[in-house]
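Subject: A structure to look through

Dear colleague,

I am handing over the structure below, and after it I have set out what was found, with each term explained where it first comes up. Please keep the structure open beside you while you read.

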Amino acid sequence: MLKLFWIVCVVSLLIAVAAAGKDYYDILTVPRDASKAQIKKAYKKLSKIYHPDKNPGDQGAKDKFVELSDAYAVLTDDDKRRIYDQYGEEGLNQQNGGGGGFHNPFDIFQQFFGGGGNGRQQERRGPDMNLEIDVTLEELYHGKSVNVEVSKQVVCDHCFGTGAENSEDVVTCSTCHGKGYQVFEMQLGPHMVQQFQQQCDQCRGKGKVIRHVCTVCQGNKVRRGNELYTINIDKGMKDGEVITLEREADEYPEEVIPGDIHFIIKAQPHRRFERRGDHLRIQETINLYEALAGFEHNIEQLDGRNITLKRSGVTQYGLVEKVAGEGMPIDHGSKAGDLYVEYKVIFPTHVDKEIIQGT
Ligand SMILES: [Zn+2]
Ligand SMILES: [Zn+2]
């Protein structure tokens, strides 16, 4: 009985030790056999969410951001990943002589997203995409999140950009034994042999060949895919304004940074309101009697509220009246432009003679 107790103690101690190290795969939400492309993609997605600039004052997000770059740095380094897989975080700490923090988390982020000019040499970058999004005046008035599906080239998520059906299908080239070149000898004379190297045509210099190509992308490493983006249209945005999503255009399996997606606001014409900068303009019709004696009309604002237009006495044809503060929102809605109402008078089609003579 006592013996069993000790076994339980030792086992729980072992579990506690294992749990003390961080699970880098968990942090990046990737499987243990994740490819580098898959790890990169996960890092790219998560680091944007937890970047301290996006979460000011949030220590939790900052810690998470640091954890993500730790996990990324280890899992994309073949040696470190091997040590980590075998011995966990403890193994890495021993290798580094203790005291983690062997890189700057912001450096890794910048490799993906640029900025902070540390004189990085010319990076290859894919082209930008320009996409128009149709937005109604109501949507520009209220502000809105819209979901936009974008068709673009994505790294194949079946093979994670390797082009192989399984990770075991990427094998060392048997022709060049992984060197990427072959050595040939040419007899130049009876005692003279010249050696020369030629790129291996089996693996085209890569040193690795794919046994079974990925059935989803047919070994192309990329495919067409749809990605859903949520675009925040800010209150008062204007026709032609651009919302940029950095590094979200076509993806590439190799070391090419995706270009940006530019969403261009295309404001749709409105059946009642006309927009002029931050101001709105509307035409309101009144009859002749109202033009002479005054009136009270309600018009519906873009948010459904009623605005009461009230005049007494004579209203001239074509008069433009300003309703202050009922235009489009400015500065996220902290201010607003004005509404201009232009009155049109509808004349009667016929008037009895007696009425005219009577006046
Ligand atoms: Zn594939
Ligand atoms: Zn080869």
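In strand β5, glutamine 199 is the bridge partner of tyrosine 181; strands here are DSSP runs of E with at least two residues, helices are runs of H or I with at least four, and both are numbered from the N terminus. Strand β4 (residues 181-189) and β5 run antiparallel and are joined by 8 bridges, where two strands pair if DSSP finds at least two bridges between them. The link from β4 to β5 is a hairpin of 2 residues. Strand β5 (residues 192-199) lies largely in the open, because 0 of its 8 residues are buried, buried meaning under 20% relative accessible area, exposed over 50% and partly exposed in between, with a 1.4 Å probe and protein chains only.

Before going further, please note that this is a predicted model, in which local features need pLDDT of at least 70 and side-chain atom pairs count only at pLDDT 80 or more, while totals for chains, interfaces and linings use all residues. Residues are numbered from 1 along each chain as its sequence is written, chains are lettered from A and ligands numbered from 1 in the order in which they are written, and side-chain values use heavy atoms, with hydrogens and water left out.

The pLDDT, which is the predictor's confidence in each residue from 0 to 100, has a mean of 85 over the chain, and 88% of the residues reach 70 or more. Over residues 7-19, however, the pLDDT is below 50, and this stretch has 0 contacts in the model beyond near neighbours in sequence, a contact being heavy atoms within 4.5 Å.

Turning to the interior, the largest nonpolar core has 34 residues, and Ile231, Ile233, Phe263 and Leu339 have the most contacts inside it; such a core is a set of buried Ala, Val, Leu, Ile, Met, Phe, Trp, Tyr and Cys residues joined through side-chain atoms within 4.5 Å. Strand β17 (residues 339-346) gives the largest share of this core, 4 residues. A second, separate core has 22 residues, among them Ala34, Ile39, Phe65 and Val74.

Finally, leucine 92 belongs to helix α5 (residues 78-95), and leucine 92 counts as buried because its relative accessibility is 1%. Leaving out residues up to four places away in sequence, leucine 92 touches Tyr24, Val74, Lys80, Ile83 and Tyr84.

With best wishes
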